[in-house]
Amino acid sequence: MDESGSASSPTRPVTIEGGECDAALAKSRVLTREEVLRRRLRRVRQLGRCYRAHYWALMEELRSKYRDYCWTYGKSPFKEDHDDNNNNNDQNGVVSGGDDIVRCRFSGCKTKAMALTNYCHAHILGDSKQKLYQGCKAVAKNLPTGPSFCNKPVLRSMVPPACPSHFQFGERCLARALRRAGLGTAIATTRKPNVKLHVIASEFVRQIQNKRKLALKKTAPKVETEQETKLIC
């Protein structure tokens, strides 16, 4: 891949622009400030063009690979009708027929499996070997036995670990809390808000402190009773 971004052309060394001027000043022991700034500016501009060319070349390659991935592992727009004898899955979840298509191993799911796994995106948490996804930590229901979490698959890099629906719900709750605190203009109602970072950070800190205070209140009687039992013993 050369500076122009074409991946098909053979690789060749990058020629630094203004090499003649640099060669003429190579034997100079001292350079003026203007000469140094001009040389650095010229090289930074050339490096920026090179980075942009590489970026767009990688984007084209990513687009083609994403198209191939969706074509191979994506959802099909139609379902072909096969006889029951030819539509039986083996133990590995591979459909018998022309092309071997890996189906999800979850019971009752006929969706195509994701790459390098035997489960689809909805049931990827059933794979004990995967390390990329985790369950949504948002509380869906409060049961007598304890909170019931949403547990929809989300990437582990997501902060907070919430699915899109619960993430939007958290944004609405945050905007409502800011309005109650008299900071209704901090977050706009449009999808391009003018967010003030210090306001959001202070609100998050206040909510975290309230949760810690409630947790300390719940654990304080237990600690006292444990200390009393130790003194009695």
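Start by selecting Glu 60, which is partly exposed with a relative accessible area of 48%. On this tour, buried means under 20% relative accessible area, exposed means over 50%, and partly exposed is whatever falls in between (1.4 Å probe, protein chains only). Before going on, note that this is a predicted model: local features need pLDDT of at least 70, side-chain atom pairs count only at pLDDT 80 or more, and totals for chains, interfaces and linings use all residues. Residues are numbered from 1 along each chain as its sequence is written, and side-chain values use heavy atoms, with hydrogens and water left out.

**Stop 1: salt bridges in helix 2**

Keep Glu 60 selected and add Arg 63: their side chains meet in a salt bridge at 2.9 Å, N to O. The term covers a side-chain nitrogen of Lys or Arg within 4 Å of a carboxyl oxygen of Asp or Glu. Both Glu 60 and Arg 63 sit in helix 2, three residues apart, or about one turn of the helix. Helices (H or I, at least four residues) and strands (E, at least two) are DSSP runs, numbered from the N terminus. Arg 63 has 42% relative accessibility, so the residue counts as partly exposed.

Now pick Glu 61 and Lys 65. How far apart are the closest N and O atoms in the salt bridge of Glu 61 with Lys 65? They are 3.3 Å apart. This pair is also in helix 2, with the two positions four residues apart, about one turn. Glu 61 is partly exposed at 36% relative accessible area, while Lys 65 is exposed at 52%.

Slide along to Glu 34 and Arg 38, another salt bridge, at 3.0 Å from N to O. Both lie in helix 2 (residues 33-73), four residues apart, and both are exposed. The count by this rule comes to three salt bridges.

**Stop 2: a nonpolar patch**

Select Leu 132, Leu 155 and Met 158, which make a nonpolar surface patch of about 270 Å². Patches take residues with over 30% relative accessible area and no salt bridge, joining like charges within 9 Å and nonpolar side chains (Val, Leu, Ile, Met, Phe, Trp, Tyr) within 5 Å. Leu 132 is in the loop between helix 2 and strand 1 (133-135), and its 58% relative accessibility makes it exposed.

**Stop 3: two backbone oddities**

Go to Asn 151, in the loop between strand 3 (146-149) and strand 4. Its phi is near 65 degrees, a positive value in a residue other than glycine. Next, which residues does the cis peptide bond join? Val 159 and Pro 160, with omega about 0 degrees. Pro 160 belongs to the loop between strand 4 (153-155) and helix 3.

**Stop 4: a positive patch**

Select Arg 172, Arg 176, Arg 179 and Arg 180: together they form a positive surface patch. Arg 179 lies in helix 3 (residues 164-180) and is partly exposed, at 48% relative accessible area.

**Zoom out**

Show the whole chain as a cartoon. How many helices and strands does the protein chain have? Four helices and four strands, running α-α-β-β-β-β-α-α from the N terminus on. Buried residues make up 18% of the 233 residues. Switch to a surface: the accessible total is about 19700 Å² (Shrake-Rupley method, 1.4 Å probe), and 57% of that belongs to carbon and sulfur atoms.

How values were computed: Lys, Arg positive; Asp, Glu negative; His and termini not counted. Charge placed at Lys NZ, Arg CZ, Asp CG, Glu CD.
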